[in-house]
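Open the model in a viewer with residue numbering switched on. The stops below go from a single residue out to the whole chain.

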Amino acid sequence: GIEWFGELCRTTITVTSPLPPLANKDRLFNFELPMAQDPALVASATNATGSVFRDSYYSRSGSWSAFVSGTDASIANNSSIYFTLYDLTSAPIPIYPNTWFEYYIKPVAGKEKNVGVDLLLDNNTYLRNATVIDIDNLPMHPAAAGNRRGLTTGKYRLVRGHIGAKLAGRSIKAVLAGYDQLPNGTPGNSGFTASIDDIRIYNEG
């Protein structure tokens, strides 16, 4: 098992995989990854446009965060756009029964509360569709973020979930940032901006 963590968008990478299981959260192996590309590549988009780039102004810790911005162009249909932050295809991160996933999200403006981080798994399914419940008793899905108590504009909020409870045996081959919104009934285009930092994947206990 490993802890995957770090300030987003660093320019160094150290990856050793596979690693032996570790006893507890305090003894985890750490490494940092750069974004796959800056600005990030669009992985998929439906009724939305946008971009993700590294940013220093809104970072929670260290020098950088991932700044997500875009426009929701539909009022009658689901709108979504996902970006590849990290491509881990060459060194997938294994998920064990005690693996947890967390990140910090800060809404900046617009419909920013529907922005979050997603994981692409080795069987080409996504965390957002795996019905993993986080510590706020909400699905780990960007579309559920607007229901998160304490998520307010201008403040970072922790999102954390025990992904190993549902996904043990799988591995992670990409980390994505995404905006996802159900039909909102608001006339005209709707913008969204948010900052993401301190993504962690680790084994606990």
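Select Asp198, which is buried at a relative accessible area of 8%; buried means under 20% relative accessible area, exposed over 50%, partly exposed in between, with a 1.4 Å probe and protein chains only. Asp198 is not a glycine, yet its phi is positive, about 55°. Most residues other than glycine have a negative phi. The model is predicted: local features need pLDDT of at least 70, side-chain atom pairs count only at pLDDT 80 or more, and totals for chains, interfaces and linings use all residues. Residues are numbered from 1 along each chain as its sequence is written, and side-chain values use heavy atoms, leaving out hydrogens and water.

Extend the selection to strand β11, where Asp198 is found. Helices (H or I, at least four residues) and strands (E, at least two) are DSSP runs numbered from the N terminus. β11 spans residues 190-203, and 12 of its 14 residues are buried.

Add β4, residues 65-72, which runs antiparallel to β11 and is joined to it by seven bridges; two strands pair if DSSP finds at least two bridges between them. To find the register, pick Phe67 in the viewer: its bridge partner in β11 is Ser195.

Next, show the largest nonpolar core, which has 37 residues. Such a core is a set of buried Ala, Val, Leu, Ile, Met, Phe, Trp, Tyr and Cys residues joined through side-chain atoms within 4.5 Å. Phe101, Leu119, Ile163, Ile172, Ile196 and Ile199 touch the most other members. Two or more residues each come from β3 (48-55), β4, β5 (79-87), β7 (99-110), β8 (115-121), β10 (171-181) and β11. The largest share, five residues, is that of β11.

Centre on Ile172. Which residues is Ile172 in contact with, leaving aside neighbours within four places in sequence? They are Leu88, Pro92, Ile93, Ile95, Leu119, Leu120, Leu121, Ile163 and Ile201, where contact means heavy atoms within 4.5 Å.

Then go to the loop between β8 and β9 (157-161) and select Asn124 there. Asn124 is another residue that is not a glycine but has a positive phi, about 65°.

Finally, show the whole protein chain, with its one helix and 11 strands. From the N terminus the order is β-β-β-β-β-β-β-β-β-α-β-β. Of the chain's 205 residues, 48% count as buried. Among contacts between residues at least 6 apart in sequence, 79% join residues at least 24 apart.
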